[in-house]
Amino acid sequence: ENFPVKVAMLSRLTHENDRKEIMKGLKEGYTDIVIGTHALLRNEISFKNPGLLIIDEEHRFGVEDKELIRKRFPLIDTLRLTATPIPRTLHMSLGKVYDLSILDTPPPGREAVETYVAVFDEELVRNAINFELQRGGKVFFVNNRIRGLREIARLIEEMFPDLKVAYAHGRMPRTELEDIYINFYLGNFDVLVSTPIIEAGVDFPEANTIIVNNAHTFGLSDLHQLRGRVGRGVKKGYAYFLTPREISQEARKRLSILEKFSELGSGFK
């Protein structure tokens, strides 16, 4: 805001009137920077002489998505950002098609997230939540199915009758979802039980413990991204990846890799 540039934000949450004004600004060139979701990839959006395309959380976009703007503007400079390079990007970087830079220096005061892999146990869940609450923090509890969210929320409420627990998933109306996020941010909820929708683009500095249920069903980069939701401020983060007793050898390998590479900036490794 202290620079002489006009910045706009475009997503499905943008109001229709604002959307029209933003699209006009991009077409006529008086909007200098637009930050947005997949909404920016629509054909009806015209850009006047764009010079730089930055794709954040690159692994979240399909190959075709990433090339849509580049096809329309073949000479546009492109910067791709990711905490966990997908195999295609990694291959093209190592093959010198892309230039690769690695940021290894964490922000000042940032600590590595302490990571535990364990069999699901109510006592462990109780202790993890208790520890976070005692230091004035909040907790994420992630389940990869919508079915089961209410049951988990009820289980936590039974463990801690005084706690305020909310649950969230991607099929909720956007206004309801936004409302839950804002209330969690403001401290009106202590625990947020959700699907992996919190994986990207969510930043709650007060939430520094994450518990992931059925962690064996998630991919490696998914788990790394989920772990990155905590420990984003100056407090140390804790991640608990919980599984049933019996899991496949491949899933066991994935989880042991996450335990081994838990230092900051380890997504590349």
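Which residue forms a salt bridge with K236, and how far apart are the closest N and O atoms? I began my notebook with this question, keeping in mind that the model is predicted.

**Entry on K236.** I found that the partner is E111, with the closest N and O atoms 3.9 Å apart. I then looked up where the two residues sit: K236 is in the loop between α7 (220–227) and β10 (238–243), while E111 is in the loop between α3 (87–94) and β5 (114–119), so the salt bridge ties together parts that are 125 residues apart in sequence. I noted K236 as partly exposed at 21% relative accessibility, and E111 as partly exposed too, with a relative accessible area of 38%.

**Entry on other salt bridges.** Searching the whole structure, I counted twelve salt bridges. One of them joins R80 to E67, with 3.4 Å between the closest N and O atoms; I placed R80 in strand β4 (residues 77–80) and E67 in helix α2 (residues 63–72), 13 residues apart. Both R80 and E67 are buried. I also looked up R126, which forms a salt bridge with E123 at 3.5 Å between the closest N and O atoms; because they are three residues apart in helix α4 (residues 122–134), about one helical turn separates them. R126 is partly exposed at 28%, and E123 is partly exposed at 41% relative accessibility. Following shared partners, I traced one network that joins E58, K66, E67, R70 and R80.

**Entry on aromatic rings.** I found eight aromatic pairs in the structure. For F140 and F184 I noted ring centres 5.5 Å apart and planes at 45°, so I entered the pair as tilted. F140 belongs to strand β6 (residues 138–142) and F184 to helix α6 (residues 174–186), so this pair ties together parts 44 residues apart in sequence. F140 counts as buried at 0% relative accessibility, and F184 is buried with a relative accessible area of 0%. I saw that F140, Y181, F184, Y185 and F204 form one aromatic cluster, and that the charged end of K138 sits over the ring of F184, 5.7 Å from its centre.

**Entry on the surface.** I looked up a nonpolar patch formed by F3, V5, V7, M9, I33 and I35, which together have about 590 Å² of accessible area. Strands β1 (7–10) and β2 (33–36) each supply at least two residues of this patch, whereas V5 lies in the segment before β1 and is partly exposed at 41%.

**Entry on the whole protein.** I listed eight helices and ten strands, and noted that 38% of the 269 residues count as buried.

Conventions: Residues are numbered from 1 along each chain as its sequence is written. This is a predicted model: local features need pLDDT of at least 70, side-chain atom pairs count only at pLDDT 80 or more; totals for chains, interfaces and linings use all residues. Side-chain values use heavy atoms; hydrogens and water are left out. Rings of Phe, Tyr and Trp (its six-membered ring) pair if their centres lie within 6.5 Å; planes under 30 degrees apart count as stacked, over 60 as edge-to-face and the rest as tilted. Helices (H or I, at least four residues) and strands (E, at least two) are DSSP runs, numbered from the N terminus. Buried means under 20% relative accessible area, exposed over 50%, partly exposed in between (1.4 Å probe, protein chains only). A charge sits over a ring if NZ of Lys or CZ of Arg is within 6 Å of the ring centre and within 35 degrees of the ring normal. Patches are made of residues with over 30% relative accessible area and no salt bridge: like charges are joined within 9 Å, nonpolar side chains (Val, Leu, Ile, Met, Phe, Trp, Tyr) within 5 Å. Accessible areas come from the Shrake-Rupley method with a 1.4 Å probe; for residues, only the protein chains shown count as cover. A salt bridge is a side-chain nitrogen of Lys or Arg within 4 Å of a carboxyl oxygen of Asp or Glu.
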